[in-house]
Amino acid sequence: MDTSVKPRAGDAALDAIAFTGNIIDPQSENRADDAAARALGEPEARLMLIRDGRLCLKMQEKGFGAYFTAGDATALRAMLAEAVLLGRTPEVPVLAAPFNLDPEALPADIKAIDLRSIYVQGLLDPATLGALAQGAALLAWNANHRFCGKCGRETEMRAGGYRRHCTDCERDHFPRTDPVAIMLAVRGEKCLLGRSPHFAPGIYSCLAGFIEPGETIEQAVRRETFEESGVKVGKVTYLASQPWPFPYSLMIGCVGEAETEKVDADMAELEDCRWFPREEVRSMLAGAHSDGLGVPPRGAIARHIIASWAEDG
């Protein structure tokens, strides 16, 4: 049986930034409380199986398959009672569920691969990768909100995973997304890049930080840039965004015009932070830097922001 969920034609452009190619219609405003259970009862239903930041992938003749039938999922000890309904493609309902089988005990033709490796290695098409971002984030939110934040009692999943209800105080809880500003400060023919201790050797990237309550995106860009580098930013321009399922963030990509040049980096968070000329950045993008320096991999919004600036001059 074909367990794939096919992307629409013409979506190739979505490949530029990972996790942005989702084609599923979530139908979140028109869900019954038993929407997930009803979808699971459809023979055509397809499931993604996720556990501890890893997705089950079935090895096929050409690439990997990310979707399983309900019967296959049961054999892999999927926790179908906790399945969330992502929505529908024109052909099938699509769900995501946690699984309870040790990843090391999976059948030989199935591997549980971490989400970062999946996108870095390009193991899935853009539409499937986008669905993965939705499924991983929604499962993580449900797992982290099992108890009511008002009264502390256990909550119940409703609306196929898009709402949790407290039967004690009757409060409803809805999925949240954590906004993160990721920005490139630029000044003339230079841009500001930083290096975190957890980056791969030689990799430099944009600065980033969570947007705080009461802040605009622009204010967050200016604050985070100054806190991490000591550089003051004026005008801020939005460029693009990226769902980031670690566990449920939205990366908001911006370019900021630097008003100062002196760098006073926060070395508690960064190993290095400095200005890079445009030509040097182009060599980093091409993988041809004389000192082996580079930028994040294809699919990362940071690379997209850096490349957009480098190629614009």
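Two residues are in contact when heavy atoms of one lie within 4.5 Å of heavy atoms of the other. The model described here is predicted.

**The nonpolar cores**

Leu-184 is a useful starting point. Leaving out residues up to four places away in sequence, Leu-184 touches Cys-191, Leu-192, Leu-193, Cys-206, Cys-254, Val-255, Gly-256, Ile-305, Ile-306 and Trp-309. Leu-184 belongs to the largest nonpolar core, which has 56 residues. Together with Leu-55, Ile-118 and Leu-132, Leu-184 touches the most other members of that core. A second core, separate from this one, has 21 residues; among them are Cys-56, Leu-76, Ala-83 and Ala-112.

**A three-stranded sheet**

Strands 7, 8 and 9 form an open, antiparallel sheet in the order 7-8-9. Strand 7 (155–158) and strand 9 (172–173) are the edge strands, and each of them pairs on one side only. Strand 8, residues 163–166, is joined to strand 9 by two bridges in the antiparallel sense. In this region His-165 stands opposite Asp-172 of strand 9.

**Arg-31, a buried charge**

Arg-31 is found in the segment before helix 1 (35–40). Which side chain of opposite charge is nearest to the buried Arg-31? That side chain is Asp-25, at a distance of 7.7 Å, and Arg-31 has no salt bridge. A salt bridge requires a side-chain nitrogen of Lys or Arg within 4 Å of a carboxyl oxygen of Asp or Glu, so a pair 7.7 Å apart does not qualify.

Arg-31 does reach backbone oxygens. One belongs to Leu-86, at 3.4 Å from the side chain of Arg-31. Another belongs to Ala-159, whose backbone oxygen is 3.3 Å from a polar side-chain atom of Arg-31. Apart from residues up to four places away in sequence, the residues touching Arg-31 are Pro-26, Leu-85, Leu-86, Gly-87, Ala-159, Gly-160 and Tyr-162.

**Salt bridges**

Side chains of opposite charge can pair when their charged atoms come close. The structure holds 20 salt bridges. Three of them are listed below with the distance between the closest N and O atoms.

| Positive residue | Negative residue | Closest N and O atoms |
|---|---|---|
| Arg-163 | Asp-33 | 2.6 Å |
| Arg-88 | Glu-42 | 3.0 Å |
| Arg-146 | Glu-82 | 2.9 Å |

The salt bridge of Asp-33 with Arg-163 links distant parts of the chain: Asp-33 lies in the segment before helix 1 and Arg-163 in strand 8, 130 residues apart. Asp-33 is partly exposed, with a relative accessible area of 38%, whereas Arg-163 counts as buried at 17%.

The salt bridge between Arg-88 and Glu-42 joins strand 4 (residues 84–88), which holds Arg-88, to the loop between helix 1 and strand 1 (46–51), which holds Glu-42; the pair therefore ties together parts that are 46 residues apart in sequence. Arg-88 is partly exposed at 29% relative accessible area, and Glu-42 is partly exposed at 27%.

In the pair Arg-146 and Glu-82, Arg-146 sits in the loop between helix 4 (126–144) and strand 7, and Glu-82 in the loop between helix 2 (70–75) and strand 4, so parts 64 residues apart in sequence are tied together. Arg-146 is partly exposed, with a relative accessible area of 28%, and Glu-82 is partly exposed with 26%.

Some salt bridges share partners. In this way Asp-33, Glu-156, Arg-158, Arg-163 and Asp-172 are joined into one network.

Key: Residues are numbered from 1 along each chain as its sequence is written. This is a predicted model: local features need pLDDT of at least 70, side-chain atom pairs count only at pLDDT 80 or more; totals for chains, interfaces and linings use all residues. Side-chain values use heavy atoms; hydrogens and water are left out. Two strands pair if DSSP finds at least two bridges between them. Helices (H or I, at least four residues) and strands (E, at least two) are DSSP runs, numbered from the N terminus. Buried means under 20% relative accessible area, exposed over 50%, partly exposed in between (1.4 Å probe, protein chains only). Lys and Arg count as positive and Asp and Glu as negative; His and the chain ends are not counted. A polar contact is a pair of N or O atoms within 3.5 Å; within protein, one must be able to donate a hydrogen and the other to accept it, and residues adjacent in sequence count only if both atoms are side-chain atoms. A nonpolar core is a set of buried Ala, Val, Leu, Ile, Met, Phe, Trp, Tyr and Cys residues joined through side-chain atoms within 4.5 Å.
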